[in-house]
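Dear colleague,

Please find below the structure that I agreed to pass on to you. My notes on it follow.

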Amino acid sequence: MRLLKAGLFLTKTHLLAPGSVTLKQVLINSCRTCSSGVFPNERIRNIGISAHIDSGKTTLTERVLYYTGRIAEIHEVKGKDGVGATMDSMELERQRGITIQSAATYTMWKDHNINIIDTPGHVDFTIEVERALRVLDGAVLVLCAVGGVQCQTMTVNRQMKRYNVPFLTFINKLDRMGANPSRALQQMRTKLNHNTAFVNIPMGLEGDMRGLIDLVEERSIYFEGPFGQDIRYDEIPADFRAEAAHRRQELVECVANADEILGEMFLEEKIPTNDDLKAAIRRATLQRLFSPVLVGTALKNKGVQPLLDAVLNYLPNPTEVKNYAMLNDEATNEKSKIQMDPTRDPTKPFVGLAFKLEAGKFGQLTYVRVYQGCIKKGDNIYNTRTSKKVRVQRLVRLHADQLEDVDEVYAGDICALFGIDCASGDTFTSRTSTNLSMESIHVPEPVISMSMKPVNKNDLDKFSKGINRFTREDPTFRVHFDTESKESIISGMGELHLEIYSQRMEREYNCPCVMGKPKVAFRETITSAVPFDFTHKKQSGGSGQYGKVIGVLEPMESEDYTKLEFDDQTIGTNIPKQFVPAIEKGFRDACEKGPLSGHRISGLRFLLEDGAHHMVDSNEISFIRAGEGALKQAMEKASTAILEPIMSVEVVAPQEFQGTVIAGINRRHGVITGQDGAEEYFTLYADVPLNDMFGYATELRSCTEGKGEYTMEYSRYQPCLPSTQEELIHKYLEATGQLPIKKNKWKN
């Protein structure tokens with residue numbers, strides 16, 4: 001009875017119109033906390049906040065959490081109190097003042113449940129933004145009022161286009177010197193080709209910003225109180241009326257171009273009401289034909305609440321976004337698309353996507369976006385990639401690094417599971433028979449490699465544990481062991497990316513690491529054919545060793561520079577056939593280390609023409625030694641050369657940087673093989689020695705304002721430059737103690 005009374009009371013005092021809330025809904029919502037109950041889909045928003053480096057994403061999220069009552073006090077990124085922002089939960093993030101991992105949280109605003117993912121801005125952590133946009137329904141693109149559209153903004157814009165995510169734009173940092181929101185809007189139109197217009201405009205800029213003018217509702221907004229939490233609405237001041245009228249007209253025109261209903265009203269010269277305009281902006285935004293632009297300054301606590309209102313008004317709820325799963329039919333090998341049903345209904349089969357892994361203090365944490373159905377604590381779910389059955393032991397909601405246990409989550413929610421073994425991008429379903437997979441996440445290729453090893457030999461198990469965890473968490477971080485140079489080579493999206501992982505090794509695993517330039521796999525070869533005649537004799541009481549081989553060592557064609565060939569041309573029984581494999585083994589063993597620089601020998605053909613054996617003393621070991629000796633003898637007589645790997649490199653950059661990019665390739669001894677261009681971008685094809693490519697990613701980014709990117713793949717081996725050869729031989733002689741190490745005269 002008490003519950004019923006509470007329900008009736010709530011209906012009366014509810015913020016919404018009394019007719020819009022059924023008693024049943026109110027009862028359900030009052031029985032449960034709002035954030036986990038059967039919450040209607042219309043009142044849920046999943047949004048991501050993404051932007052260029054240092055545009056104020058984390059600061060904005062901090063304000064959003066404060067105004068919606070999730071946190072009690074505000075802390076700044078790199079603030080003087082040393083606490084750091086809530087979303088930057090990792091020690092390293094607080095120290096550097098950058099976001100490294102995307103962090104998820106949820107909050108309530110005006111009876112709506114908003115799930116927020118704060119993403120990093122650096123190009124090195126692109127995969128975090130990629131994953132977030134893959135599972136979210138809408139996004140907020142933050143621009144800096146001074147910088148405008150920058151290079152990473154373009155990358156984020158491409159990602160939003162790839163996953164078809166509708167977005168709002170928030171022009172932040174209006175308090176900075178030189179802030180110019182109109183220029184940022186113009187750049188969005190020219191550089192990103194978006195149809196955009198202001199939804200609110202600032203009253204004053206930089207130091208004298210008083211408040212905002214809402215163009216849709218035609219009123220001014222003032223933010224009062226120590227943290228701007230008290231909002232006061234007022235008339236538009238007289239000195240801003242002309243600009244407000246002009247900007248509102250521009251907004252109506254831009255939306256009318258994208259929305260048919262408003263377009264008709266515009267042509268009939270009817271004046272749209274505020275509700276008409278809001279509905280039209282929403283329709284156009286959901287179809288990605290328009291992006292509303294809001295302004296404010298998160299640091300000075302202005303303009304954040306109107307942004308939250310705009311998220312509710314203009315961004316889609318989970319029912320308005322179509323998500324498809326691929327159904328793989330094993331019998332016919334055909335793939336068909338199935339649309340997911342977003343209603344919050346436990347009778348539908350469960351489908352979810354694991355989009356991010358993280359190792360927390362309680363084991364592996366798997367972030368899951370639920371697309372259909374419902375998942376409860378204790379349920380069994382199936383991983384469609386491995387067909388394994390797993391049990392949901394603990395179900396949590398995330399607030400940065402704090403976890404809150406829940407019993408069930410429905411379609412449209414973002415949650416995390418504990419102790420489930422899976423990879424990033426796996427699909428989970430509620431039954432085995434369905435071969436469903438959600439469309440996978442686009443993973444960019446790594447651009448930079450470095451060698452990495454622990455400082456102490458004893459830390460190897462910690463090192464492998466850490467590397468193992470990082471590769472599972474981050475698909476762009478790759479590791480392979482180079483058998484030739486006996487090094488672990490790590491590859492990633494940039495120098496900062498790899499440096500952060502090296503520091504995390506030290507912090508989280510107490511395993512300090514040394515990073516260095518990876519060794520390049522040089523090879524040695526001969527330039528002309530050379531004959532050999534070698535006898536291996538060893539006499540020591542009893543049966544000795546005897547083997548004799550005669551033949552020619554000749555170079556192979558340039559396309560076979562990486563191969564070794566052994567050709568047996570003996571006739572008769574001078575060398576019994578059972579010993580021929582032993583000679584080949586000796587030859588191949590001796591090729592592991594060359595005489596010039598200690599690198600492998602390749603590109604040779606060993607022609608065995610004749611030899612001799614002894615009835616008693618010849619055995620396998622003697623012919624292995626004979627094969628080794630023959631190669632060494634021939635290599636001493638022959639003229640040798642060092643080969644280096646050549647990479648075919650493809651650089652894509654804007655036309656205006658063509659000169660600097662070509663100069664950079666030439667400086668690295670590259671040979672340009674061709675180029676073509678299309679719409680303001682040009683592509684350059686070149687062959688560059690791998691030894692000279694180290695650090696190119698950073699150089700290319702700095703000389704093209706971060707807009708250039710390159711890919712490279714192995715092409716062939718070719719003889720290296722005389723200067724490189726001399727340097728390699730010199731280093732080898734110093735390392736083996738055959739040459740005294742030159743002391744630098746400055747150091748003495």
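**Strand S29 and its partners**

In strand S33, Arg 600 is the bridge partner of Arg 523. Please bear in mind throughout that this is a predicted model. Arg 523 belongs to strand S29, which spans residues 523-526. S29 and S33 (residues 600-601) run parallel and are joined by two bridges. S29 also pairs with strand S35 (residues 640-654), here in the antiparallel sense and over four bridges. Within that pairing, Glu 524 stands opposite Ile 642 of S35.

In a regular strand, side chains alternate between the two faces of the sheet. In S29, Arg 523 and Thr 525 lie on one side, with Glu 524 and Ile 526 on the other. These four residues are all buried, and both faces of the strand are thus covered.

**The second largest pocket**

The volume of the second largest pocket is about 760 Å³. Its lining consists of 30 residues, and those nearest the centre of the pocket are Lys 519, Val 520, Phe 522, His 599 and Leu 728. Helix H18 (residues 722-735) supplies seven residues, the largest share of this lining. By character, the lining of the pocket divides into 12 charged, nine polar and nine nonpolar residues.

**A four-stranded sheet**

Elsewhere in the model, four strands form an open sheet in the order S7-S8-S9-S10, with antiparallel pairing. Strand S7 (200-203) and strand S10 (230-234) stand at the edges; each has a single partner strand, so one side of each is left without a neighbour in the sheet. On average, and with direction ignored, neighbouring strands of this sheet are turned by 30° against each other.

The partner of the edge strand S10 is S9 (residues 219-224), and the two pair in the antiparallel sense over five bridges. Phe 223 stands opposite Ile 231 in S10.

**Cysteines**

As you may wish to know about disulfides, I add a note on the cysteines. With a disulfide taken as a pair of cysteine sulfur atoms within 2.5 Å, the count comes to zero disulfides. Two of the cysteines may be described individually. Cys 144 has a relative accessible area of 3% and is therefore buried, since buried means under 20% relative accessible area. Cys 720, at 8% relative accessibility, counts as buried too.

Yours sincerely

How values were computed
Residues numbered from 1 in each chain as written. Predicted model: local features only at pLDDT ≥ 70, side-chain atom pairs only at ≥ 80, totals over all residues. Heavy atoms only, no water. Buried < 20%, exposed > 50% of the residue type's maximum accessible area, 1.4 Å probe, protein only. Pairing = 2+ DSSP bridges. 1 Å grid on protein atoms, 1.4 Å probe; cavity = no way out; pocket = protein on both sides within 12 Å on 5 of 7 lines; lining within 4 Å. Points joined across faces, edges and corners; volume = space filled by probe spheres on them. Nonpolar A, V, L, I, M, F, W, Y, C, P; charged D, E, K, R; others polar. Axes fitted to C-alpha atoms, helices over the stretch in contact; angles between N-to-C directions.
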